[in-house]
Amino acid sequence: MIDLRSDTVTNPTTEMRRVIAEADVGDDVYHDDPTVNELERTVAELLGKEDAVFVPTGTMSNQIALRVHTEPGDTVIVHAAAHIRRHELGGAAHNSGVTLAPLDGRYGGFTAEQLTAAVPEPHPALPSHLFDPVTLVCLENTHNDAGGTVWDIDEMRRVLKTASGLGLKKHLDGARLWNAAAATGIDLAVLAAGFDTVNVCFSKGLGAPVGSALAGSAKHVARARRFKQIFGGGFRQAGMLAAGALFGLEHHRERLAEDHANARSFAEAVNAADKIEVDLGSVQTNLVYFETPDASALVDACLTDGVSMLALGPTTVRAVFHLDVSAEDGARAADIVRHRSASL
Ligand SMILES: Cc1ncc(COP(=O)(O)O)c(C=O)c1O
């Protein structure tokens, strides 16, 4: 089976399993798990932040960030297709009591002008408590639903500067920030600069079985540790999981460029088929979204030939490239997709 459903489906390698089995552990709730502490220091350093907290999932990391920066009733600006808005099951309202105000924009981005327009301007005739209290803006890099796209660094800096001018806090959902760094050659700390908090995931392109981290200032991370506990994220001998994350950071970051190359080759190959259309401009990292007249029929047909993908809409299919998919697998998958789409 060539499993292209997600980059979360990877199996830990033999070497990763070995370091997991041999990890030094303690009770992380008491902060005495040496491997978790090492991971948190490593992530903070890589992202140029004061501290980081290890949590079970990217969803929890984002949800903690929302809770850290807001109070109930606040408004949070996100892209319309943000993971926080589309795939966290109303968690923003459930856990933090906030409203999400969506902005649209190509490839998961939006402009500083859009941000300014989305924040109500105080009106001399009306008291400020009559306007939505916008307190936080969230960006996603790379942007999953937009195609694994990378924020333009100059546009991102303009948005961050404008957000600061408006008095907003800034959170980055960098579940795949490793991919953004690999695609652009820009240092992780540069991509994370200007954000108050940054979520990163180890269980996607890095191939670790579990885990994410939220990085930021010492003050924000101290507050995040409180909500990690409240949300039930206090895990005990988590060093076994942190060991997998550290191994992924050390050994699987460089190779992300291979996933990007495999995604691009696959995208170009299937785009040549009559009934498939890929926006090649959106294929910037390891995700490929394509349009086809009947997504479910194509996905079902390919599955019988040993290629697993996701139908994410009536006409939209997603294929994701990762550690467990070789260049040969990618080429074989493209052949199967082309062949099957022609006979539908
Ligand atoms: C952009 C983005 N943010 C957050 C998450 C959530 O991560 P997790 O599945 O670990 O909760 C995902 C998961 O795919 C994601 O793509």
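**Entry 1: histidine 31**

I began with the loop between α1 (14-21) and α2 (34-47), where histidine 31 is found. This is a predicted model, and I read every entry below with that in mind. I looked up the backbone angle of histidine 31 and got a phi near 65°. That is a positive value in a residue other than glycine. Next I asked how open histidine 31 is to the outside. Its relative accessibility is 44%, so I put histidine 31 down as partly exposed.

**Entry 2: leucine 89**

I then went to the loop between α4 (83-86) and α5 (91-96), which holds leucine 89. Leucine 89 also has a positive phi, about 55°, although it is not a glycine. Is leucine 89 buried or exposed? The relative accessible area is 81%, and the cut-off for exposed is over 50%, so leucine 89 is exposed.

**Entry 3: a cis peptide bond**

I checked omega between asparagine 141 and threonine 142. The peptide bond joining them is cis, with omega near 0°. Threonine 142 sits in the loop that runs between β5 (134-140) and α7 (153-165).

**Entry 4: the ligand**

I listed the residues around the ligand. Thr57, Gly58, Thr59 and Asn62 are among them. So are His83, Glu140, Asn144 and Asp173. Ala175, Arg176 and Lys204 also belong to this shell. Which helix gives the most to the shell? I found helix α3 (residues 58-69), with 3 residues. By class, I noted 1 nonpolar, 6 polar and 4 charged residues around the ligand.

I looked up distances to oxygen atoms of the ligand next. For glycine 58, a backbone N or O atom lies 2.8 Å from a ligand oxygen. For threonine 59, a polar side-chain atom lies 2.6 Å from an oxygen atom of the ligand. For arginine 176, a side-chain N or O atom is 2.8 Å from a ligand oxygen. I then asked how much of the ligand is covered. On its own the ligand has 390 Å² of accessible area, and the protein covers 84% of that.

**Entry 5: cavity search**

I turned to empty space inside the protein. Rolling a probe the size of a water molecule over the atoms shows where such space is left. How many cavities of 30 Å³ or more does a search of the whole structure find? I recorded 1. The largest cavity has a volume of about 30 Å³. I wrote down its lining: Val78, Ala82, Ile84, Cys138, Leu139, Glu140 and Asp173. Strand β5 gives the most to this lining, with 3 residues. By class, the lining has 5 nonpolar residues, no polar ones and 2 charged ones. I marked Glu140 and Asp173, since both names are in the cavity lining and in the shell around the ligand.

**Entry 6: aspartate 3**

I looked at strand β1 (residues 2-3), where aspartate 3 lies. Its relative accessibility is 17%, and buried means under 20%, so aspartate 3 counts as buried. Which side chain does the side chain of aspartate 3 contact? I found a polar contact of 2.6 Å with the side chain of arginine 5.

**Entry 7: alanine 245**

My last stop was helix α11 (residues 239-251), the place of alanine 245. At 0% relative accessibility, alanine 245 is buried. I also looked up its C-alpha separation from threonine 197. The two residues are 48 apart along the chain, and their C-alpha atoms are separated by 19 Å.

Conventions:
Residues numbered from 1 in each chain as written. Predicted model: local features only at pLDDT ≥ 70, side-chain atom pairs only at ≥ 80, totals over all residues. Heavy atoms only, no water. Helix = DSSP H or I, 4+ residues; strand = E, 2+ residues; numbered from the N terminus. Buried < 20%, exposed > 50% of the residue type's maximum accessible area, 1.4 Å probe, protein only. Near = heavy atom within 4 Å. Polar contact = N/O pair within 3.5 Å; in protein donor to acceptor, adjacent residues only side chain to side chain. Areas by Shrake-Rupley, 256 points an atom, 1.4 Å probe, with all protein chains shown as cover. Nonpolar A, V, L, I, M, F, W, Y, C, P; charged D, E, K, R; others polar. 1 Å grid on protein atoms, 1.4 Å probe; cavity = no way out; pocket = protein on both sides within 12 Å on 5 of 7 lines; lining within 4 Å. Points joined across faces, edges and corners; volume = space filled by probe spheres on them.
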